[in-house]
Amino acid sequence: MSGTNIEAELRRQIDSLQQRVAELETALHACEHGAIEPHHTKPPAPDEAELRATLYSIGDAVIATDSAGRVVRMNPVAERLTDWAEAEALGQPLDTVFRIVNETTRVPAENPVVRVLREGIVVGLSNHTLLLAKDGRATPIADSAAPIRDVQGNSTGVVLVFRDQSAERLTRRLMETRLSLIEYAANHTLDELLPRTLDEVETIVESSIGFYYTVVPDQRTLSLQQWLARGLELSGQHTDAGLYDDIDQTAIWLDCVTAKRPVIRNNSVMLPYMNDTPEGRAVARRAMAAPVMHEGEVIAILGVANKPTDYTEQDAEIVAYLADVSWQIIRQKQVEEALRESEERFRHVYEHMAVGVARVSLDFLIEGANDAYCQMLGYREEDLIGKHLRDITHPEILEENLRKQAQLATGAIDHYRMEKQFIHKSGRVIYGILDANLIRDANGEPVYFLGSVLDITERKQAEEALRESEARYRMLFEVANDFVLLHHFDIPESPGCFIEVNQLTCQRLGYSLEELRRLRPTDIVTAENLKDIPAEAAILASDKELIFEKHLVAKDGTSIPVELHSRVFEYQGQTLALSIGRDISERKQAEAEKARLEEQVRQAQKMEAIGRLAGGVAHDFNNMLGVILGHTELAMEEIDASQPLFADLEEIRKAAERSASLTRQLLAFARKQAIAPRTLDLNETVEGMLMMLRRLIGEDINLVWQPKTGLWPIRMDPSQIDQLLANLCINARDAIAGVGAVTITTDSASFDEAYCARHTSFAPGEFVVLTVSDDGQGMNQTTLGHIFEPFFTTKGFGQGTGLGLATVYGIVTQNQGFIHVDSAPGRGATFTIYLPRHQAQDEPQPAESSTSIAVCGEETILLVEDEPAILDIGQMMLERLGYKVLVAATPHEAIKAAEGHSGVIDLLITDVIMPGMNGYDLAQQVRDIYPEIRCLFMSGYTANVVAKHGVLEKGFFFIQKPFSMKALAAQVREALDSASSP
């Protein structure tokens with residue numbers, strides 16, 4: 001396989017492994033969160049055979065344990081990697097079968113299953129771990145684990161997934177070796193590169209001998225370039241470079257050149273030539289060689305020998321790949337060295353021609369100059385000839401210059417160099433580096449001086465500008481309002497001490513400049529940030545620039561969140577890192593506040609969605625309960641109470657009524673129940689409940705009542721106050737183990753816009769406050785996040801419906817109030833309810849009727865219901881009560897019935913939500929035909945068509961599904977006896 005093909009295959013394997021890891025992480029995440037597909041029915045559970053078939057087809061190793069961490073199942077991949085058969089592993093503690101240690105320290109690593117069993121979480125992929133098989137074999141692995149949960153969400157065990165990383169490690173090692181050789185070649189000679197290459201190859205394939213031959217174009221002769229041996233047989237390297245061997249006498253080399261592919265020889269008998277080695281070379285017992293191909297011919301051979309075990313096809317692919325890689329690097333190095341030699345030849349010419357050159361007589365007069373010299377001083381050559389050196393030399397340097405020239409003239413010295421200031425024709429100063437040489441004749445006598453001048457005027461100007469710039473930047477550096485830190489970056493993993501920091505950094509961190517110059521960046525960051533430094537340093541070393549966040553630690557221990565903008569640069573042969581940091585404390589606070597607000601919005605949206613779902617479920621369920629309840633009551637009227645069937649029917653009726661109670665709590669949570677609000681004194685309402693509440697919580701719990709006098713009035717349905725208190729007191733009772741106390745208090749509170757801006761869960765306005773607190777066991781933060789969700793409960797099975805606090809939430813929200821909960825484990829719980837103050841004048845309260853309501857009649861009723869079962873039972877009930885009943889299954893049928901009826905229709909009873917037309921619109925059209933008709937709406941929940949926020953409009957009548965015949969009779973009678981609807 002060529003180097004290009006194996007590199008492509010290696011990259012494909014890396015991509016495949018990375019994709020597999022992502023799939024495993026996704027699957028484990030799904031296991032943790034127990035994602036449920038939105039189907040009405042669950043798919044059938046797979047049987048044992050299907051589970052085992054699935055397990056055995058997985059490409060990764062899988063071990064499943066029970067809740068005690070004992071092995072209950074493992075697939076063949078796990079058997080191979082652990083060297084344990086499934087039959088002998090069953091029932092064993094996982095630590096016995098799955099032994100793992102840290103790859104670097106060999107210290108036993110924490111088993112991920114232990115953590116899953118302890119914390120109940122998914123433990124993601126971990127690396128740098130070795131699996132110790134039963135036979136002692138060590139395999140690098142990546143592992144992850146997740147809890148196995150039953151349908152109730154209880155953990156019944158753990159599934160552990162792990163995989164062999166050997167191939168991935170080899171792939172990465174080959175890529176790193178390639179990069180290492182490229183980097184090494186950049187700074188070393190070809191003679192140094194060859195042994196380094198062989199050393200890398202020997203290390204990877206575990207060989208003690210390596211060799212590199214080139215093949216002469218005649219394909220008959222080998223030229224040894226490098227022979228490297230190490231280990232017990234021979235230490236160091238031996239190179240017989242230039243040694244030529246006849247290919248016919250070289251056994252494995254001949255096979256390699258002839259076959260043009262890698263050749264393996266694991267039998268020393270088949271290596272006669274290699275065992276008959278020159279003195280000083282190691283004896284080969286096993287060997288393999290790989291050719292380097294170019295245009296169909298073998299041009300070089302890379303080989304290894306004396307691996308402790310037999311060479312494999314994988315070894316052959318590795319050596320073939322490295323042979324191609326090394327040849328490409330060597331060829332590139334050969335080209336670079338040839339180019340360097342050429343550049344050196346031309347640089348010599350360039351250095352002598354690119355500077356100004358002048359010939360000066362022994363009496364210091366200019367005799368000639370080249371173009372560069374003339375251009376530097378602004379003269380033509382003929383204008384320079386005859387001028388004395390003093391004419392072009394700055395007075396400050398003239399004396400020194402003439403003194404050295406005199407030494408040249410006498411032959412005391414042959415050369416000198418100095419930085420000289422020349423006078424340009426225009427009068428400006430030119431800076432140059434002067435090299436003056438004495439030229440002698442054949443007899444050694446001085447003849448003239450030859451001076452070459454390198455113009456450094458721009459450099460001197462740049463240096464001056466740099467000094468001025470440094471002064472300006474020093475000022476900016478010191479007055480900057482950000483942290484500015486400069487430190488060495490020669491070793492990214494262990495950055496050097498600070499070189500410079502600005503005054504603000506010293507002030508904010510509480511260190512002096514001298515103290516900071518003795519510290520490293522790792523000394524002023526939090527322990528949590530330390531682990532990120534190697535990765536950040538690697539990015540800086542490659543990309544040279546990085547923006548990241550850190551917590552700087554001041555001398556007094558204060559932590560300061562900072563956003564750092566860092567870059568790496570070279571300066572005067574040093575690698576430096578400059579970081580500019582901005583204090584982001586306020587931004588962090590704003591981000592935290594934003595996250596908190598977003599979480600509140602998400603919680604409100606979730607509760608609203610659950611409310612809509614609860615209302616819809618209650619509507620449909622109430623229809624079914626209405627049918628059950630109605631038929632049960634009718635049947636009970638037909639049977640004597642002494643008969644056994646009557647008792648069974650009574651139980652059905654009670655069950656239906658209890659179910660209806662549950663739906664009423666759902667409707668309360670969803671804010672869909674019908675209410676009759678009126679102006680209340682909260683203290684009076686609570687006091688009327690105290691006796692019942694004391695019986696409710698029991699004698700072991702003391703009920704404390706602490707009312708606030710002068711309380712503002714509220715407008716609310718009294719029955720809802722009863723629901724609030726009952727549910728909160730029951731919740732408090734269940735939270736108290738043994739004796740305890742429940743305290744009920746009332747108060748008034750006002751919140752303005754400024755207060756609500758700081759406390760986002762509050763609303764501005766005036767409120768009456770109802771507080772129920774207990775000294776029970778309290779709740780943690782996780783429980784607090786779910787307490788108002790329907791059917792959420794921390795009580796045991798059969799001890800609660802999970803609707804009590806959901807009902808409280810729905811009632812408070814329906815009445816435009818809000819609720820706060822304060823609780824912690826062991827500190828009890830306090831529920832504080834804020835209800836809006838009622839500002840309107842007191843309205844007259846309905847008087848209690850002292851006479852019983854007649855429940856029968858003989859009026860005509862139009863009954864409209866799209867649910868056939870409800871329509872049938874409704875007709876039966878009304879007719880049993882003596883009424884004449886017209887029925888319609890749709891609003892259009894109802895209108896036709898009204899138009900076709902010759903007599904009077906006294907009452908319209910209609911469902912609220914129906915296909916094609918709602919009950920309110922139907923009532924309006926029927927009233928056009930019968931203006932005096934009364935209207936009674938029925939529904940599983942009230943809708944906005946007949947109510948606003950669940951409050952019925954004045955003059956409307958409503959009956960909540962499901963209803964008994966007695967409730968229907970009373971509501972029908974009340975509607976018929978009232979004034980007509982508006």
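This passage describes a five-stranded sheet and the helix lying across part of that sheet in a predicted model. Residues are numbered from 1 along each chain as its sequence is written. Because the model is predicted, local features need pLDDT of at least 70 and side-chain atom pairs count only at pLDDT 80 or more, while totals for chains, interfaces and linings use all residues; side-chain values use heavy atoms, with hydrogens and water left out.

The sheet is open, with its five strands in the order E15-E14-E18-E17-E16 and antiparallel pairing. Strands here are DSSP runs of E with at least two residues, and helices are runs of H or I with at least four, both numbered from the N terminus; two strands pair if DSSP finds at least two bridges between them. Strands E15 (366-369) and E16 (415-423) each have a single partner strand, so one side of each is left without a neighbour in the sheet. From one strand to the next, the twist averages 30°.

Strand E14 (residues 356-360) is joined to E18 (residues 446-455) by five bridges, and Gly-356 stands opposite Val-453. With E15, E14 pairs over three bridges, again antiparallel. Arg-359 has bridge partners in both strands: Leu-450 in E18 and Gly-368 in E15. In the E14-E15 hairpin, five residues lie between the strands, and Phe-364 takes a positive phi near 75°.

Side chains alternate along E14: Gly-356, Ala-358 and Val-360 point to one face and are buried (under 20% relative accessible area, 1.4 Å probe, protein chains only), whereas Val-357 and Arg-359 point to the other and are not.

Finally, helix H14 (residues 395-409) lies across E16, E17 (429-440) and E18, running at about 145° to E16. Such angles run from 0 to 180 degrees between N-to-C directions, with axes fitted to C-alpha atoms, for helices over the stretch in contact (heavy atoms within 4.5 Å).

Conventions
Buried means under 20% relative accessible area, exposed over 50%, partly exposed in between (1.4 Å probe, protein chains only).
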